[in-house]
Amino acid sequence: MSGILNKLITFEGVDGCGKSTQLSRAAAWLRGLDKEVVTTFEPGDTPLGKEIRKLLLAGDFVPVPEAELLLFLADRAQHVRELIQPALKSGAWVLCDRYSDSTLAYQLAARKLGDGAANLQEMLDFAECGVRPVLTLWFDVPVDEAMRRMKKRAKAGETATRLDDEAVSFHERVSAAFKQQYHDEPEQMLRIDAAQGMDAVEKQVKRVLKHRFGMSA
Ligand code: TYD
């Protein structure tokens, strides 16, 4: 990342926390302030990643936890090299829906791959190709509320992914892991109270970004 101004902001949280809506709103707001903004997501926002996403989430295959981890990391490396690094190089703000904190929460904690943890950090570093976010927003919402939102989406016709369908206990472990990451790195990860309504959450996001980066308006 040397020589590139780091403007990568990642959006994290349990499934159903509302981060994707907030990412779109934040992007629109920043564009209104004349900032160049690239929005992206994991897994699946490159041509190769799209195929990896299908393998991971469509439910045709159930990878063992180790294979699941490696597929997420393959998607990340491709994403960083093909999309994120060039966007940062061009001077854009990059708003990314999920990144390495999701791998730590879902694979390390929820899938209990913790025994390999010493290696996992090195593997994450390798897959990220040195690209770390300047800031991570954690959308904190109780798991029962997140599940309620996901059920509502399913009723509205949205297809659930293989991971959406995991047991509540899995989502509880994901949630606890994000909380732990927030406690471990309070400067890097900022908490957004995502249990509030969408407009109130949007206000929090803007406040945080204004405060951290001095954006006016
Ligand atoms: P997606 O449909 O994009 O959902 P969301 O809007 O909640 O992000 O699904 C992505 C899923 O992949 C989500 O359940 C989290 C999971 N995931 C991991 O398990 N590990 C990872 O490293 C990443 C990036 C995502």
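Which of the 16 residues around the ligand come nearest? Hi everyone, let me start with that one. The answer is Asp15, Lys19, Arg98, Thr103 and Gln107. Please keep in mind throughout that this is a predicted model.

Let me stay with the ligand for a moment and go through some polar contacts. The side chain of Lys19 places an N or O atom 2.9 Å from an oxygen atom of the ligand. Arg76 has a similar entry: an N or O atom in its side chain is 3.3 Å from a ligand oxygen atom. Gln107 turns up again here, with a polar side-chain atom 2.7 Å from a nitrogen atom of the ligand. And how much of the ligand does the protein bury? On its own the ligand exposes 550 Å², and 91% of that is buried by the protein.

Now, on to the sheet. Five strands make up an open sheet, with parallel pairing, and reading across you meet them in the order 2-3-1-4-5. At the edges sit strand 2, residues 37–41, and strand 5, residues 189–193, and each of these pairs on one side only. On average, neighbouring strands are turned by 20° against each other, if we ignore direction. Helix 7, residues 168–184, packs on this sheet and touches strand 1, strand 4 and strand 5. The direction of helix 7 makes about 130° with that of strand 5.

I'd like to spend the rest of my time on strand 1, residues 8–12. What does strand 1 pair with on either side? One partner is strand 3, residues 93–97, joined in the parallel sense over four bridges. In that pairing, Leu8 stands opposite Val94, and Ile9 stands opposite Leu95. The other partner is strand 4, which also runs parallel to strand 1 and is joined to it by four bridges. There, Glu12 stands opposite Trp138.

As a quick reminder for those of us who live at the bench, side chains in a regular strand alternate between the two faces of the sheet. So are the faces of strand 1 covered or open? Both are covered: Leu8, Thr10 and Glu12 are buried on one side, and Ile9 and Phe11 are buried on the other. Five of the five residues of strand 1 are buried, so strand 1 is largely enclosed by the rest of the structure.

That's my tour, from the ligand to the sheet. Thanks for listening, and I'm happy to chat afterwards.

How values were computed: Residues numbered from 1 in each chain as written. Predicted model: local features only at pLDDT ≥ 70, side-chain atom pairs only at ≥ 80, totals over all residues. Heavy atoms only, no water. Pairing = 2+ DSSP bridges. Helix = DSSP H or I, 4+ residues; strand = E, 2+ residues; numbered from the N terminus. Axes fitted to C-alpha atoms, helices over the stretch in contact; angles between N-to-C directions. Contact = heavy atoms within 4.5 Å. Near = heavy atom within 4 Å. Polar contact = N/O pair within 3.5 Å; in protein donor to acceptor, adjacent residues only side chain to side chain. Areas by Shrake-Rupley, 256 points an atom, 1.4 Å probe, with all protein chains shown as cover. Buried < 20%, exposed > 50% of the residue type's maximum accessible area, 1.4 Å probe, protein only.
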